[in-house]
Amino acid sequence: MSQKLVSTIFKQISTLFITKLKIDSEVQQKNIQLKREKLSEVYLNLTSIINSFPNESPSDILQEIKYSPHYLSENFDAILISLDYQIEDYKNQLSNINITYSQKNDISTEISNREHAKNQIVTIRDKYYEAKDKFDDWYLSSKNIFDLYAHQNVKNQLAVFKIVIHNTFISGYSSKNIDNPLENNIKICRQNLIMSIRNDLGIK
């Protein structure tokens, strides 16, 4: 086989290889563009919703209260009622003329702590139910597109996020240290989900 023929064959193979790479790249770009078109709004709405979930649960708040009621299964209102009973009891103790100044201060602190806890739990409750309702609406309206186009890693991360939300607000677990994002399960799962969404859309 002559050198010229070998050179010609090599050039043809190289051309075919380069052409295939170009076609594959174009197909990949088209797939990415199609994914972005189909999922951008779905992902944008999902990101907004998961960011609206509170970072702490009533269990986190109640850890700071002595003899606090136990939060479980979205019993926000029952917790608030229990705290009201405790506040009423402490106020009755304040009317005792035999208590010392130190005891009076301690009781006043317990009342103040419970009033503050009630305000926090009401805020958490309202944010949780609003986010939960929005997520349910999103799932009903976007499930088909999400199931069809979303990367498996995004689906996995969303499943983990849902488990953490269930554990925190249904099972009554603590969300861990709310002051340190690295120790807060909700924040960690939220960030992992957002990162998987960015990767799926090819956002660096």
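## Serine 59 and its contacts

Leaving aside neighbours within four places in sequence, S59 is in contact with four residues: Y71, G172, Y173 and S174. This serine belongs to helix α2. Its relative accessible area in this predicted model is 12%, so S59 counts as buried, the cut-off for that class being under 20%.

## Overall architecture and confidence

The secondary structure of the protein consists of six helices and zero strands. Along the sequence, the pattern therefore reads α-α-α-α-α-α. Of the 204 residues in the protein, 31% are buried. The accessible surface amounts to about 13,200 Å², and carbon and sulfur atoms account for 54% of that area. Among contacts with a separation of 6 or more, 73% join residues that are 24 or more positions apart.

The predictor's confidence is described by a mean pLDDT of 87, with 80% of the residues reaching 70 or more. Confidence is lowest in α1, where the mean is 70, and highest in α5, where the mean is 97. Where pLDDT is low, the predicted coordinates should not be read in detail.

## Helix α5

Helix α5 comprises 18 residues, from 152 to 169. At 1.5 Å a residue, this helix should span 26 Å, and its end C-alpha atoms are indeed 26 Å apart, so the expected and computed lengths agree.

Which residues of α5 are buried? They are V154, Q157, L158, F161, V164, I165, T168 and F169. Around the axis they cover an arc of only 120°, which means that they lie on the same side of α5.

## The largest nonpolar core

The largest nonpolar core contains 36 residues. Those that touch the most other members are Y43, L46, I121, W138, F146, F161 and F169. Two or more core residues come from each of the elements α1 (3-52), α2 (58-62), α3 (76-94), α4 (101-149), α5 and α6 (185-200). Helix α4 supplies the largest share, namely eight residues.

F169 is one of the buried residues of α5 and is also among the core residues that touch the most other members. Not counting residues up to four places away in sequence, F169 touches P54, E56, S57, P58, Y71, S73, E74, F76, I124, Y128 and I186. Y71 is also among the contacts of S59.

## The loop between α2 and α3

Most residues other than glycine have a negative phi. Two residues of this loop have positive values. Y67, located in the loop between α2 and α3, has a positive phi of about 55° although it is not a glycine. Is Y67 buried or exposed? With a relative accessibility of 68%, Y67 counts as exposed, because the cut-off for that class is over 50%.

S73 is found in the loop between α2 and α3 as well, and its phi is also positive, near 55°. At 47% relative accessibility, S73 counts as partly exposed. This serine is among the residues touched by F169.

## Asparagine 199 in helix α6

N199 lies in helix α6. Its relative accessibility is 51%, so N199 counts as exposed. How far apart in space are N199 and N153? Their C-alpha atoms are 9.4 Å apart, while the two residues are 46 residues apart in sequence.

Technical notes
Residues numbered from 1 in each chain as written. Predicted model: local features only at pLDDT ≥ 70, side-chain atom pairs only at ≥ 80, totals over all residues. Heavy atoms only, no water. Helix = DSSP H or I, 4+ residues; strand = E, 2+ residues; numbered from the N terminus. Expected span 1.5 Å × (residues − 1). Buried < 20%, exposed > 50% of the residue type's maximum accessible area, 1.4 Å probe, protein only. Arc of directions from axis to C-beta. Core = buried A, V, L, I, M, F, W, Y, C linked by side-chain atoms within 4.5 Å. Contact = heavy atoms within 4.5 Å. Areas by Shrake-Rupley, 256 points an atom, 1.4 Å probe, with all protein chains shown as cover. pLDDT = per-residue confidence, 0-100.
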